Amino acid sequence: MTNETAADTLVLRDDSDGVATLTLNRPEKKNAINRELFKTLRAHLLALQQDADIGLIVLRAAGADFCAGHDLSEKPHADALGWLRREVQTLELLTSLRQPVIAAVQGTCFTGGLEMALSADFIVCDDSARFADTHGKWGLVPGWGMSQRLPRRVGHAKALEMMLTCRPYGADEAVAMGLVNQCVAAGQLAGAVAELARTILANSWHSNAENKRLIYNTDGMRLAEGLDHEIMRNAGFDRDAAARRASFHNRSRDGA
């Protein structure tokens, strides 16, 4: 196996019924993130930007754990700051995709893995999931967005609690604080994610993309500015909006 082929297997892509599933594939390392994994993920995300046949992305992981974080055994890059910026840009690519992104989490989701999951629009987990930010345990500070995405997801007080204690939080705690959208029993994660994907994809892909863009583009705006942005900077109706309304009226008339 060549180095190029080995790198290509670090993140696998599988497409089905409008869903692209990206699978982190270092289960023997608890899917710890190294530079080659980031490069492979970036290539997939750039391709998905241009793929009109995909309406939703699922980010999952092989094995028992989602991601243990950054691979601390990897030697620092010669251009550490430059590479860090590229890694951050890769996670921003994930967030800025027009398609909704669901992170499907089982087992360990620590530090860099949590930053990756937070870059998705939704987090769905099973009851084996554990979430933690352990930067402080190793004398590190966030570089992939933890200080920005975590408080936006769970609030400043809970984010500080997670970041300063470095302790793991179970799935129930993650749901209670709003970190996770949904938790299911072990063995039911794939089915729950598939059901959520079907629900989202049944709606207008145009509307899904615009709703996502408006939410992120107006983050931090005052209400008046956000309202103006929503009116003046939206992309208008989907091309099939009239047909969707007609179908609704027909069902109502027929008593369906």
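Here is a short chat about the sheet and two loop residues of this predicted model.

Residues are numbered from 1 along each chain as its sequence is written. Local features need pLDDT of at least 70, side-chain atom pairs count only at pLDDT 80 or more, and totals for chains, interfaces and linings use all residues, while side-chain values use heavy atoms, with hydrogens and water left out.

Colleague: Happy to look at this with you! In which order do the six strands form the open sheet?

Modeller: Strands here are DSSP runs of E, at least two residues, and helices are runs of H or I, at least four, numbered from the N terminus. Two strands pair if DSSP finds at least two bridges between them. The pairing in this open sheet is mixed, and the order is S1-S2-S3-S4-S6-S9.

Colleague: Which strands stand at the edges?

Modeller: An edge strand here has a single partner strand, so one side of it is left without a neighbour in the sheet. That applies to strand S1 (11-16) and strand S9 (182-184).

Colleague: Thanks! Which residue in S9 stands opposite Cys 125?

Modeller: Strand S6 (residues 122-126) runs parallel to S9, and three bridges join them. Opposite Cys 125 in this pairing is Cys 183.

Colleague: Now the loops: is Asn 31 buried or exposed?

Modeller: Buried means under 20% relative accessible area, exposed over 50%, and partly exposed in between (1.4 Å probe, protein chains only). Asn 31 is in the loop between S2 and H2, and its phi is near 60°, a positive value in a residue other than glycine. With a relative accessible area of 0%, Asn 31 is buried.

Colleague: And what is the relative accessible area of Asp 17?

Modeller: Asp 17 sits in the loop between S1 and S2, and its phi is also positive, near 55°. Asp 17 is exposed, with a relative accessible area of 75%.
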